[in-house]
Amino acid sequence: MGDEVVLLDFWVSPFGMRVRIALKEKGIDYESKEENLSNKSSLLLKMNPIHKQIPVLIHNGKPICESLIIVQYIDEVWKDKAPLLPSDPYERAHARFWADYVDKKIYSRGRLVWTTKGEVQEAAKKELIHHFKLLETELGDKTFFGGDQFGLVDIALIPFYSWFYALETCGNFSMIHECPKLVEWAKRCMERESVSTSLPDQYKVYDFILELKKKLHLD
């Protein structure tokens, strides 16, 4: 089957990282095209005319948008290897619920931690830690969110591990102190080649955020 798979991506995007991980878990060869988000390519605008955002997976010329939708598409199309969702309908719904929770809570609160100061930042930090603690409770003593099997919720959340240092430094808190089990889980995930080769260095992410804050006059 001569699949042509192209990923429109941006190196520091946690949403792009999700798709990279899913593709590598499945062992899919793909071409990565790095986007300049301040000067978006005509291909990106053509393939995602509604949101005009990365990531976009282009499979045999057809675009799929939104990271969690892409991950589930990958799981359905290449279902013979490394299932990312459980086969049981209830467990599958449960995984989708928590992946959606990550989607709705983590990035938006995290962004406020590094773009604001004072009371707004403090409130966002408290909310972010609250969300991380809830996820830590859901993880419990399991190896991964789905038990022994690495899957959708892990893929949804693990990219933010590359942002931990930036969030901790900007927000003046410690993830190992607040959520030690979540940090242990992240380190287990990083032992997987699909994850370690998809996530950028935490310090590079922090440097990127510092540069972005200068451009946005937030420093």
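Of the 219 residues in this protein, 48% are buried, where buried means under 20% relative accessible area, exposed means over 50% and partly exposed lies in between, with a 1.4 Å probe and protein chains only. The structure is a predicted model, in which local features need pLDDT of at least 70 and side-chain atom pairs count only at pLDDT 80 or more, while totals for chains, interfaces and linings use all residues. Residues are numbered from 1 along each chain as its sequence is written, and side-chain values use heavy atoms, with hydrogens and water left out.

**Overall form**

The protein contains eleven helices and four strands; these are DSSP runs numbered from the N terminus, with helices (H or I) of at least four residues and strands (E) of at least two. A compact globule of 219 residues would have a radius of gyration near 17 Å, and the value for this protein is 17 Å, which agrees; the radius is taken over C-alpha atoms, and the globule rule is 2.2 Å times the number of residues to the power 0.38. Along the principal axes, the C-alpha atoms fill a box of roughly 55 × 45 × 25 Å.

Among contacts with a separation of 6 or more, 69% join residues that are 24 or more positions apart, a contact being heavy atoms within 4.5 Å. The accessible surface comes to about 11,300 Å², and 52% of it belongs to carbon and sulfur atoms; such areas come from the Shrake-Rupley method with a 1.4 Å probe, and for residues only the protein chains shown count as cover.

**Two annotated spans**

The UniProt record, an unreviewed entry, gives the annotation "domain: GST N-terminal" to residues 3-82, and it places "domain: GST C-terminal" at residues 88-216. UniProt positions are given here in the numbering used for this model, feature names are shortened, and annotations may be inferred rather than shown by experiment. In the first of these spans, residues 3-82, the end C-alpha atoms lie 18 Å apart, with 38% helix and 21% strand. In residues 88-216 the end C-alpha atoms lie 46 Å apart, and the span is 74% helix and 0% strand.

**The loops around strand E3**

Pro-55 sits in the loop between helix H2 (42-47) and strand E3 (56-59), and the peptide bond that leads from Ile-54 to Pro-55 is cis, with omega near 0 degrees. Lys-52 is placed in the loop between H2 and E3, whereas Asn-60 belongs to the loop between E3 and strand E4 (62-65). Lys-52 and Asn-60 are not glycines, yet each has a positive phi, as the table sets out.

| Residue | Phi | Relative accessibility |
|---|---|---|
| Lys-52 | near 55 degrees | 37%, partly exposed |
| Asn-60 | about 50 degrees | 40%, partly exposed |

**Two residues in the helical span**

Tyr-206 is found in helix H11 (residues 202-215), and it counts as buried because its relative accessible area is 17%. Leaving aside neighbours within four places in sequence, Tyr-206 is in contact with Tyr-165, Ala-166, Thr-169 and Cys-170. From Tyr-206 to Asp-3 there are 203 residues in sequence and 36 Å in space, C-alpha to C-alpha.

Lys-117 lies in the loop between helix H4 (89-115) and helix H5 (118-139), and it counts as exposed because its relative accessibility is 57%. Although Lys-117 and Leu-218 are 101 residues apart in sequence, their C-alpha atoms are 9.1 Å apart in space.
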